[in-house]
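Subject: Handover of a protein structure

Dear colleague,

Please find the structure below, together with its sequence. A summary of what was found in it follows.

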Amino acid sequence: MIRSGGTGAPVRALTAFAREIALPDRDDVVPTIRRRWCRFRLFHARSPIHRWGIYTAHAIPSRRRVIEYTGERIGDDEIRRRSLRHHLYLFWCGPGRAIDGAIGGSGAEFVNHCCEPNLRVSIVRGRIFFVSLRPIRAGEELTLDYNIMGDVAVTTCRCGAATCRGSMRRPDH
Ligand SMILES: [Zn+2]
């Protein structure tokens with residue numbers, strides 16, 4: 001469990017907005033990308049990192065909002081309840097507040113982890129945007145560093161990056 005707010009550890013600026021995820025067991029969950037929440041044309045395809053990935057059809061310049069992470073907004077009690085679920089797409093957007101991408105997700109919840117990501121997270125007034133860290137080529141898979149904190153069973157990373165730290169956890173966890 002991530003405790004980035006509420007009863008847990010104090011929120012540490014942007015780095016506290018970590019994602020808690022337990023990757024789905026089922027292989028038949030196919031991403032749906034809702035274009036309304038995308039600034040660029042994206043598509044899903046098989047990923048060398050993990051099952052499905054989200055890719056860009058066009059080149060994306062650096063420092064551009066690419067997709068918004070949408071879903072149901074929930075608070076402390078509901079976060080605790082849903083944390084018992086096997087498949088989690090909770091993304092913390094503030095103390096005791098999270099967005100559950102499993103319900104009404106834009107497709108951003110399927111962006112895979114990589115230790116050398118091409119996206120970063122930007123939280124603006126409780127909304128979560130994935131922003132390009134560098135120019136991204138057409139056809140490239142979009143990736144994010146999940147920076148997982150807490151007790152999450154599945155965190156082994158096989159992203160293939162030269163600097164892969166072998167774990168989706170935050171480096172200091
Ligand atoms: Zn890695």
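Strand 4 (residues 65-69) and strand 10 run antiparallel and are joined by 4 bridges. Within this pairing, Glu68 has Phe129 of strand 10 as its bridge partner. Please bear in mind throughout that this is a predicted model.

Strand 10 also pairs with strand 9 (residues 119-124), again in the antiparallel sense, and here there are 6 bridges. One of the residues involved is Arg120, whose bridge partner in strand 10 is Val131. Strands 9 and 10 form a hairpin with 2 residues between the strands, and in that hairpin Arg125 takes a positive phi near 50 degrees.

The side chains of strand 10 deserve a separate look. In a regular strand, side chains alternate between the two faces of the sheet. Strand 10, which covers residues 127-132, shows such an alternation. On one face are Ile128, Phe130 and Ser132, which are buried. Arg127, Phe129 and Val131 point to the other face and are not buried. Phe129, the bridge partner of Glu68, and Val131, the bridge partner of Arg120, thus both belong to the face that is not buried.

A second hairpin lies earlier in the sequence, formed by strand 2 (residues 42-46) and strand 3 (residues 52-56). These strands pair in the antiparallel sense over 5 bridges, and His44 has Ile54 in strand 3 as its bridge partner. There are 5 residues between the two strands, and Arg51 in the turn has a positive phi of about 45 degrees.

Trp52 is part of strand 3. Is this residue buried, exposed or partly exposed? Trp52 counts as partly exposed because it has 18 C-beta neighbours inside 10 Å, whereas a buried residue needs 20 or more and an exposed one has 12 or fewer. Apart from neighbours within four places in sequence, Trp52 is in contact with Val30, Pro31, His44, Arg46, Ser47 and Phe110. Val111 is 59 residues away from Trp52 in sequence, yet the two C-alpha atoms are 8.4 Å apart in space.

Finally, some features of the whole protein. It contains 1 helix and 11 strands, which follow the pattern β-β-β-β-β-α-β-β-β-β-β-β along the sequence. Of its 173 residues, 35% are buried. Among contacts with a separation of 6 or more, 65% are between residues 24 or more positions apart.

Yours sincerely

Conventions: Residues numbered from 1 in each chain as written. Predicted model: local features only at pLDDT ≥ 70, side-chain atom pairs only at ≥ 80, totals over all residues. Pairing = 2+ DSSP bridges. Contact = placed C-beta atoms within 7 Å.
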